[in-house]
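The exercises below ask the reader to work through strand pairing, charged contacts and surface exposure, each with a solution that proceeds step by step.

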Amino acid sequence: HYGPAFLTVTALTVADGAAEATVAADDGHRWFGHPLLLDAVLQVVGVALQDLVSGRPPRPMLPIGVARIALHGPCASGVTVRVRRTAVEGAYSVADA
């Protein structure tokens, strides 16, 4: 249990291979990229990578690589995240967020 600060996903819509979420983290500090928002984005990526069609239960997803992160200015306390699965290669899945 990580506490209420990690309850950052405030809305979530899921389809097979896609997810859209509103995430918010406001601890009173000004961050260029808030670590809790990054955590929330990775959680939404894990949701989008799930196979919802097969009927199998969801499984934990562990990000093992990030090709690029771009911040174009200080983050607000909340953002909308859109993720789509772009490939499945054996045990690996790839997504754009």
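**Exercise 1.** In this predicted model, classify Asp51 as buried, partly exposed or exposed, and then do likewise for Arg56.

*Solution.* Asp51 has a relative accessibility of 29%, and because partly exposed covers the range between under 20% (buried) and over 50% (exposed), Asp51 counts as partly exposed. Arg56, at 53% relative accessibility, counts as exposed. The side chains of these two residues, Arg56 and Asp51, meet in a salt bridge with an N to O distance of 3.2 Å, and this distance satisfies the criterion because a salt bridge requires the nitrogen to be within 4 Å of a carboxyl oxygen.

**Exercise 2.** Determine how strand S3 is paired with strands S2 and S4, and identify bridge partners.

*Solution.* Begin with S2 (residues 18-24), which runs antiparallel to S3 (residues 78-89) and is joined to S3 by seven bridges; in this pairing, Glu20 has Arg82 of S3 as its bridge partner. Continue with S4 (residues 92-96), which is also antiparallel to S3, with five bridges between them; here Glu89 is partnered by Tyr92 of S4. Finally, inspect the hairpin of S3 and S4, where two residues lie between the strands and Gly90 adopts a positive phi near 65°.

**Exercise 3.** How many salt bridges does the structure hold, and which parts of the chain do the pairs of Arg85 and Arg84 link?

*Solution.* The structure holds four salt bridges. One of them joins the side chains of Arg85 and Asp16, at 3.5 Å from N to O. This pair links distant parts of the chain, since Arg85 belongs to strand S3 whereas Asp16 sits in the loop between strand S1 (9-15) and S2, 69 residues apart. Both count as partly exposed, Arg85 at 21% relative accessibility and Asp16 at 39%.

Another is formed by Arg84 and Asp96, whose closest N and O atoms are 3.2 Å apart. Because Arg84 lies in strand S3 and Asp96 in strand S4, the pair ties together parts that are twelve residues apart in sequence. Arg84 is partly exposed with a relative accessible area of 48%, and Asp96 is likewise partly exposed, at 38%.

**Exercise 4.** Which residues form the nonpolar patch on the surface, and is Leu42 buried, partly exposed or exposed?

*Solution.* The patch consists of Phe32, Leu38, Leu42, Val66, Ile69 and Leu71, which together have about 550 Å² of accessible area. Leu42 is located in helix H1 (residues 35-48), and its relative accessibility of 32% places Leu42 in the partly exposed class.

Definitions and conventions: Residues numbered from 1 in each chain as written. Predicted model: local features only at pLDDT ≥ 70, side-chain atom pairs only at ≥ 80, totals over all residues. Heavy atoms only, no water. Pairing = 2+ DSSP bridges. Helix = DSSP H or I, 4+ residues; strand = E, 2+ residues; numbered from the N terminus. Patch = residues over 30% accessible without salt bridge, like charges linked within 9 Å, V, L, I, M, F, W, Y side chains within 5 Å. Areas by Shrake-Rupley, 256 points an atom, 1.4 Å probe, with all protein chains shown as cover. Buried < 20%, exposed > 50% of the residue type's maximum accessible area, 1.4 Å probe, protein only.
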